[in-house]
Amino acid sequence: MPRDGQGSSNAFVELHFDGQKFRTTVKEKDLDPFWNEAFYFNVSNPNELHSLTLDAHIYNINQAISSKTSLGKVRLTATSFVPHSDAVVFNYPLEKGSLFSRARGELGLKVYVTDDPSIKSSIPLPDIASSSSSHSSLQSNQGELTSRKIEESAAAISANGKKGLIRSFFHLPRSNNQVQQPSPAPSQQPIAYRGDETRSENHAPQVFNMFANSYTQSSSFGLRETNPILGVGLVEQMQFLFVRVVKANDLPSKDLTGSLDPYVEVKLGNYKGVTKHLEKNQSPEWNTVFTFSKDRMQSSVLEVLVRDKHILKDEFVGVVRFDLHEIPTRVPPDSPLAPQWYRLENKKGEKGKGELMLAVWIGTQADEAFSEAWHSDEASSVDSSTPSNHIRSKVYHSPRLWYVRVNVIEAQDLVFLSEKNRGLSNVHIKAQIGNQVLKTKSMQSQNTNVLWNEDLMFVAAEPFDDHLILTVEDRVGPNKDEILGRTFIPLATVERRADDRIVHSRWFNLQTPSSSDIEEPKKDKFSSRIHLRVCLDGGYHVLDESTHYSSDLRPTAKQLWKPPIGILELGILNADALTAMKTRHNRGTSDTYCVAKYGQKWVRTRTITDSLNPKYNEQYTWEVFDPATVLTVGVFDNGQITEKGSNGNRDTKIGKVRIRISTLETGRVYTHSYPLLVLHPSGVKTMGELHLAIRFSCTSMPNMMLLYSKPLLPKMHYKMPLTMVQLDMLRHQAVAIVAARLSRAEPPLGKEVVEYMTDADSHLWSMRRSKANFFRLMSVFNGVFAVGKWFKEVCAWTNPITTVLVHVLFVMLIFFPELILPTLFMYNFLIGLWNYRYRPKYPPHMNTRLSCADSVHSDELDEEFDTFPTSKSSDLVRMRYDRLRSVAGRIQTVVGDVASQGERIQALQSWRDPRATVIFMLFCVVASAVLYAVPLRLLIVTGGLYVMRHPKFRHKLPPAPLNFFRRLPARTDSML
């Protein structure tokens, strides 16, 4: 912004961070200053880094009076600082420096954190107000001052051997200025102001570990906070050119027969969209909308051509041209733009016969015509034949799933066809719904009546078009069954229940084995029959995801649903630096789309073709019924699109992101760039970054707080629980049903997409997952181990003051036991209050170190990606089996040791060792007399002081009670 009265500015930047202030050189008479200067700040306490801010003030200097005027400022919180490998130049809009100042423009900064011990903090330049020399002399001496500082810095670094954690913050101008500015001379290399620390040299800098958490992963796999300018809701506002082709009238005929097969081609630069052609119609109607992204506009003229469809070559009918600078802009909630009639022009620009009704306007993605329009960024500029049904955005709803409980009670009056089985039969029932087949146990019977009383569980989806088919079979030989009869039950007629009430049983007549009619069979005077209790259980939640990251926990029956507690808003902004998944025109590219799943609602963005940095800017909303749920967002490459259209390939996964709703603060907008991490047979890889904006708004805080005291799953899961084997089997069937339904939608969601989003193969064995779960278990007990280590140090009198204070506290709590529980709970409250300062500033993301993915062996990955059953050679399978045996052997040893300790406790009174039992009985008699005569508090104090006695009164041998316990017999000597 001009501030010197001559249409220009003498600008410089002042940086403030952690009590330190640095400033750049002054750029005279320049409204687009270019500095390219680097500054290093020292962080006094890295643990407080998250609470610090970096302020960058831009001033204009008045050389006559040596005063400065604010041109604007930028304030950055430390949560946006990233490591050096993730740092990029970002243009920050200038804010007003004060209430009455004005600001305009942007400031390009590159800020990052480093722990390089060789880097020292910068020395500030002399303050302008206190400088005795004029501004011109300051500029002339700048080069000498800079070189002297660098020399002093190099000398200080070589002479000073101290190693401290120095976090450095860089700033650079925005990248587009680097092209406009002339290349700097050799004397204008990037200036690095270094030197001795501005802090006092009396205290050596402490060494801090930047990765204090053992599960902190590499910076290349970490989360990066962004601050985009959001326009419409949670997405960036994008402008599009909309062209609505309504209809044509009085088109001239081009054939000798007088007929016309017209279609419209909307062309803007290299992008073109085509309507369908209508045969023999001179007044056709299309009512089709085309959109062109303003970022991809390659021409200033829009052409709308009408052509006649021919077998060899399409013939030109007429054209309407628009200048893009004259097209109006529409912003909702303005009414839609009314279409108008335009006279067609011939190739010479003369008005001819025929009219075309069009509506042309510039709008945003909030326009109601955006969702059903043809998009230029959905189709390659060299391929206009991309099928629209595979590239448009879509909202799906999973089918409503029910558990089908079939209680097979008994069968009566069975007619055996085989003569040899008339004495002893081996009968079972096979039940089938669609592709799901289950069998009861085989029951032997010497008569025609068989009793089972066994439950079979299935998954069914609305609408209930399938039938429950039950077949009674008799085992007449090895792998040979004889059908005795079958019955067909339409699922639509099955009784539904939402609780654990008993459903009335019914008798069903069995049809003859030769009958395949699913209709109601004719009633005979005598027939075999089967006794069943069948119901649709709506009190369960049908699990199609793992309970660890399920997106919905509601029961199937809608009458059991509670009102929503909040609203979840998701803005899918863009993806950056995606890995090329295919080759087109001898270069790598991708045709990507995003899929988000939460609850029963699936959303799919439009496909952005031929781009490794696609911009989606689409927003979706869900109702939240439980905060203990997870939102999943995946990125896929559309395998249906090639240079020649659809080829039926499977969509390829690029990566996914999981976000737990309970980790989000209410009302806060989270804008982060999530790395897309995928585990390949060669190791973990970053496939790119996905930029999301998320906001969780709570509609009823009391109801949400009350949910934390409610069961996680519906009541039926606890009243009539299902086994883990049943849940795994039913989950597999549920995923198959959802995948089959969504794959038939338009555009289809493939089976591979549904399985990847729901982690259908997460139950398979993996050495990597086993190690990760073991380390997770160890980290849970780290607190217990730390307390034990601390108490051991107290008993060893490592710090006498601490030990004395523990003695005093112990005695006080024993004599005032009413203070124990209040002290314990108050201590936990204070710990939570203290940890509030270090609470996570962003949602947790997939952690490669926690998953043991950054150090996994290649053979373990090859085993994890093996098919089931295995497809590897027998030697490799034998080697892996031996490795699994060794791991299981160690686990077996640990389990045996734990069992031995329990058996020793049982041996105290089992008289397996009579002498040990006698000693224990005598000890019990003495202990009962002592506990009766001596006050309990005195005994506890004496025991505690004895345990914490000084090392001078200790010896290294184990105590007598421990020696006695280890001598007790276990049952290991009875093991084969």
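Which lysines gather in a patch of positive charge on the surface? They are Lys562, Lys710, Lys715 and Lys719. Keep in mind that this is a predicted model. Here's a quick tour, from the whole chain down to a few single residues.

**The big picture**
- You're looking at a protein of 976 residues, and 43% of them count as buried.
- Its secondary structure adds up to 16 helices and 42 strands.
- Take the contacts with a sequence separation of 6 or more: 71% of them involve residues 24 or more positions apart.
- About 53,100 Å² of the protein is exposed, with carbon and sulfur atoms supplying 56% of that area.

**The positive patch**
- Lys719 is one of the four-lysine group, alongside Lys562, Lys710 and Lys715.
- You'll find Lys719 in helix 5, which runs over residues 716-719.
- Lys719 has a relative accessible area of 52%, and it counts as exposed because the cut-off for that label is over 50%.

**The nonpolar patch**
- There's also a nonpolar patch on the surface, covering about 770 Å².
- Its members are Phe774, Phe775, Leu777, Met778, Val780, Phe781, Val784 and Phe785.
- Two elements each give two or more residues to this patch: helix 8 (767-780) and helix 9 (782-795).
- Helix 8 makes the largest contribution, with five residues.
- Met778 is a patch member that sits in helix 8.
- With a relative accessible area of 32%, Met778 is partly exposed. That label applies because 32% falls between the buried limit of under 20% and the exposed limit of over 50%.

**Leu278, a buried loop residue**
- Leu278 is in the loop that links strand 15 (271-274) to strand 16 (285-293).
- Despite the loop address, Leu278 is buried, at a relative accessible area of 18%; the label fits because buried means under 20%.
- Which residues does Leu278 touch, leaving out those up to four places away in sequence? The list is Leu260, Asp261, Pro262, Pro284, Glu285 and Trp286.
- Glu285 and Trp286 from that contact list fall within the residue range of strand 16 (285-293).
- Leu278 and Asp308 are 30 residues apart in sequence, and their C-alpha atoms are 9.5 Å apart in space.

**Three residues to look up in the viewer**
- Lys719 is the exposed one, at 52%.
- Met778 is the partly exposed one, at 32%.
- Leu278 is the buried one, at 18%.

Note on methods. Residues are numbered from 1 along each chain as its sequence is written. This is a predicted model: local features need pLDDT of at least 70, side-chain atom pairs count only at pLDDT 80 or more; totals for chains, interfaces and linings use all residues. Side-chain values use heavy atoms; hydrogens and water are left out. Patches are made of residues with over 30% relative accessible area and no salt bridge: like charges are joined within 9 Å, nonpolar side chains (Val, Leu, Ile, Met, Phe, Trp, Tyr) within 5 Å. Accessible areas come from the Shrake-Rupley method with a 1.4 Å probe; for residues, only the protein chains shown count as cover. A salt bridge is a side-chain nitrogen of Lys or Arg within 4 Å of a carboxyl oxygen of Asp or Glu. Lys and Arg count as positive and Asp and Glu as negative; His and the chain ends are not counted. The place of a charge is taken as NZ of Lys, CZ of Arg, CG of Asp or CD of Glu. Helices (H or I, at least four residues) and strands (E, at least two) are DSSP runs, numbered from the N terminus. Buried means under 20% relative accessible area, exposed over 50%, partly exposed in between (1.4 Å probe, protein chains only). Contact means heavy atoms within 4.5 Å.
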